[in-house]
Amino acid sequence: MATVDSSQEELKKVLQETPKDQPVVMLNLLRFRDRANYQDESEACSGRDAYKRYMKEAAACVKAVGAEVIWSGRSVGSLIAPPDEAWDQVLLVRYPSTDAFLAMIESPDYKGVLKHRTAALEDSRLVANVEDGV
């Protein structure tokens, strides 16, 4: 099932169960639309280009909460995954805490750039991760 945005219930559940006193790294798995799905046709472009718009505009929001993109790259294939699962881009963003992540996604500035992400993506995954010393 294609998923672009998180449900508020799942977001709340995962973040409540995540330690508050340590950094969290968000793993983003992204599959782009061939053509971005904007309501305003004047913004027509590819899904990848719409995501680039999102990244450019969201950068200030990420920085404002002390977060940083620690890795971004093009996916070349899955070695262990269902056969129909493929991703175009992988992105790792480290936030100082889950509170910082929440502050960002709830900020008016961030909400203003979400249209690019929504228009860009056909499917995505967002996975919260913390270090455990293994």
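Which elements do the buried residues of α3 pack against? In this predicted model, the buried residues of α3 pack against α1, β1, α2, β3, α4 and β4 (121-129).

**Helix α3**

The buried residues in question are T98, A100, F101, M104 and I105. They lie on the same side of α3, because the arc they cover around the axis is only 160 degrees. An α-helix has 3.6 residues a turn, so residues three or four places apart point the same way. At the N-terminal end of α3, S97 acts as the cap, with a side-chain oxygen 3.3 Å from the backbone nitrogen of D99.

**Nonpolar core**

The largest nonpolar core has 29 residues, and Y51, Y95, F101, M104 and Y110 are the ones that touch the most other members. The elements that each give two or more residues to this core are listed below.

| Element | Residue range |
|---|---|
| α1 | 8-17 |
| β1 | 24-32 |
| α2 | 47-64 |
| β3 | 89-95 |
| α3 | 98-106 |
| α4 | 108-120 |

With six residues, α2 gives the most to this core. Leaving aside residues up to four places away in sequence, Y110 touches Y54, A58, C61, M104, I105 and R117.

**Sheet**

Four strands form an open sheet in the order β2-β3-β1-β4, and their pairing is antiparallel. β2 (68-74) and β4 are the edge strands, each pairing on one side only. From one strand to the next, the twist averages 15 degrees. β2 and β3 run antiparallel and are joined by six bridges. R74 has Q89 in β3 as its bridge partner.

Technical notes
Residues are numbered from 1 along each chain as its sequence is written. This is a predicted model: local features need pLDDT of at least 70, side-chain atom pairs count only at pLDDT 80 or more; totals for chains, interfaces and linings use all residues. Side-chain values use heavy atoms; hydrogens and water are left out. A nonpolar core is a set of buried Ala, Val, Leu, Ile, Met, Phe, Trp, Tyr and Cys residues joined through side-chain atoms within 4.5 Å. Buried means under 20% relative accessible area, exposed over 50%, partly exposed in between (1.4 Å probe, protein chains only). Contact means heavy atoms within 4.5 Å. The arc is that of the directions from the helix axis to the C-beta atoms. A polar contact is a pair of N or O atoms within 3.5 Å; within protein, one must be able to donate a hydrogen and the other to accept it, and residues adjacent in sequence count only if both atoms are side-chain atoms. Two strands pair if DSSP finds at least two bridges between them. Axes are lines fitted to C-alpha atoms, for helices over the stretch in contact, and angles run from 0 to 180 degrees between N-to-C directions.
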